[in-house]
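Colleague: Before I rely on the labels attached to this model, I would like to go through them with you and hear on what grounds each was given.

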Amino acid sequence: MNVPVLPSILLLISTAHAFQYTELAQYIDSHQEEYVEALRDWIAIESDSSNVLKRAELHRMMDMTAQKLRLMGGTVELVDVGEQELPDGQTLALPKVVTAQFGNDSNKLTVCVYGHVDVQPAKLEDGWATDPYNLTDINGNLYGRGASDNKAPVLAWIHAVEAYQALNMELPVNVKFVIEGMEETGSNGLDAMIMAQRDTFFSDVDYIIISDCGWLSRRPALTYGTRGNCYFFAEVEGPKQDLHSGVYGGTVIEPMTDLIGILDTLISPSGTILIPGIREAVAPLSDDEWKMYQDIQFDIENHKNKTGVNQLMYNNKVDLLAHMWRYPTVSIHGIEGAFSDPGTKTVIPAKVTAKFSIRQVPNMDPAMVKKQVTDYLHSVFAKRKSPNKLKVTMVIGAKPWLADPQHPLYEAGKAAVNRVFNTDPDLIREGGTIPIARTFQDVTMKSIIMMPIGGFDDGMHSQNEKMSRFDSTGFLFHFRFLALSLFKRDNLETS
Ligand SMILES: CC(C)C[C@H](N)C(=O)NCC(=O)O
């Protein structure tokens, strides 16, 4: 998986061309307002990949991304990745994947930047202080759904290329982009596209850069692992329609009671996963990992403040980091069909569907997890002797990804961080999932580096998601970092 020239990166970085970097940084500083406006245009598009009713917006988002890259002179394609089958059997066109290429010099290395422009759902009434689709600047924080995850980081990379072009500086590497619109729902269609284009678009890619994650603290970070995700629907169906709880309550076995009963058997109050086989599969925590975690900057009080809880599951740093990054967890997200509006409707819902997910870690396997969860829930349900019907479906099966933080690519990343921030980065893992990371690694056999752009307090997926303009963890500052990381390869190439 090593790219042969990478071991020389460190040596080369030490000769970084300070003048070129300063010029790029100045250009980026002086174009800040344009970048914010570009982000504003992107945030205005409700490219929610989980809501099929928003699919037209998602298609528009992909077209807009392609158009931006085309206007910069890239060789751009909108790759058709087929259709998505919905749980009710209907099909829907998947958003096309945007690929782009800048430069085709066989003497240069080729980096491939991956990102996504779809977002999680967001509504003002969820508790946002501002309209999630109207980028709002409050004290240098740019609020909007997708600001951090992942529209600003994608734009950051695009604008880094654009800065080179505007300054008539030769790009130090060939740059390719793969930008998708289904990341938040499991990257549907992208695996097959990567496999299909392994020997074409990806054949000359030397390594892959992903900036779809955040720092852990105010200290810069490089990310070398992500958890995977198996997302389940558990549907319990009973009466032929919703019933009046006064008239029928006490005579029928309620689907919601069954559902809550089986959900309660997934995880104990103290966080132990109760599904047989899951915990046994997890790779043990090594002494080296334990030592690494000890050195990482992580403020427990800050984590409490960020989450707004007064008690965490563990009260020491190593346990908290380990359970955030390298142990699995079960989260219950919602119940479709359940009454959730304000007021006091007294219905017995006829059919309810729970949505829950299990974050995957090495050495868990989604196919195995699917079987373990399905078998377990059916056996628990059978013990209830309910006449209702249970259906369990796994709708996302994303694998975890883990890189070797000793790889030269990470040495280069560290040097870049040092060059810009004058400090070493923390080497961190990510509790969230980038579904395609593992496929990139397995299919292209290339190394991946994750260079987070998001701040530790950006609120990805949450209310008031933001990207900061000025913070050391922020939007503008990172452009310099990114420009540099392209620049480094210039040194690499002139060896
Ligand atoms: C912090 C994550 C890796 C960011 C990523 N875009 C994401 O949200 N993925 C989906 C997930 O549920 O983790």
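The exchange below takes the labels in turn, beginning with the ligand.

Modeller: Please keep in mind that this is a predicted model, in which local features need pLDDT of at least 70 and side-chain atom pairs count only at pLDDT 80 or more, while totals for chains, interfaces and linings use all residues. Residues are numbered from 1 along each chain as its sequence is written, and side-chain values use heavy atoms, with hydrogens and water left out.

Colleague: Which residues are around the ligand, and what makes a residue near a molecule?

Modeller: A residue is near if one of its heavy atoms lies within 4 Å of the molecule or strand in question. The residues around the ligand are His 116, Asp 149, Glu 183, Glu 184, Asp 212, Arg 359, Glu 430, Gly 432, Thr 433, Ile 434, Met 460 and His 461. They divide into 2 nonpolar, 4 polar and 6 charged, where Ala, Val, Leu, Ile, Met, Phe, Trp, Tyr, Cys and Pro count as nonpolar, Asp, Glu, Lys and Arg as charged, and the others, Gly among them, as polar.

Colleague: How do you know that a side chain such as that of Asp 149 is in polar contact with the ligand?

Modeller: A polar contact is a pair of N or O atoms within 3.5 Å; within protein, one must be able to donate a hydrogen and the other to accept it, and residues adjacent in sequence count only if both atoms are side-chain atoms. An N or O atom in the side chain of Asp 149 is 2.7 Å from a nitrogen atom of the ligand, so the pair qualifies. For Asp 212, a side-chain N or O atom is 2.9 Å from a ligand nitrogen, and a polar side-chain atom of His 461 lies 2.6 Å from an oxygen atom of the ligand. The protein covers 91% of the 360 Å² of accessible area that the ligand has on its own, by the Shrake-Rupley method with a 1.4 Å probe, where for residues only the protein chains shown count as cover.

Colleague: Why is Asn 388 called buried, and Gln 311 exposed?

Modeller: Buried means under 20% relative accessible area, exposed over 50%, and partly exposed in between (1.4 Å probe, protein chains only). Asn 388, in the loop between helix 13 and strand 16 (389–398), has a relative accessible area of 9% and is therefore buried. Gln 311, in the loop between helix 11 (300–307) and helix 12 (317–325), has 66% and is therefore exposed.

Colleague: What makes Gly 189 partly exposed?

Modeller: Gly 189, found in the loop between strand 8 (174–180) and helix 6 (190–196), has a relative accessible area of 27%, which lies between the two limits, so the label is partly exposed.

Colleague: How do you know that the span of helix 3 agrees with what is expected?

Modeller: Helices (H or I, at least four residues) and strands (E, at least two) are DSSP runs, numbered from the N terminus, and the expected span of a helix is 1.5 Å times one less than its number of residues. Helix 3 (residues 32–43) has 12 residues and should span 16 Å, and its end C-alpha atoms are 16 Å apart, so the two agree. Its buried residues are Gln 32, Tyr 35, Val 36, Ala 38, Leu 39, Trp 42 and Ile 43. They cover an arc of only 160 degrees around the axis, which puts them on the same side of helix 3; the arc is that of the directions from the helix axis to the C-beta atoms.

Colleague: What makes the peptide bond from Asp 149 to Asn 150 worth a remark?

Modeller: Most residues other than glycine have a negative phi, and most peptide bonds are trans. The bond from Asp 149 to Asn 150 is cis, with omega near 10 degrees, and Asn 150 lies in helix 5 (residues 147–166). Another cis peptide bond joins Pro 362 and Asn 363, with omega about 5 degrees.

Colleague: And what is the phi of Asn 168?

Modeller: Asn 168 has a positive phi of about 55 degrees although it is not a glycine. Asn 168 lies in the loop between helix 5 and strand 8, and with a relative accessible area of 71% it is exposed.
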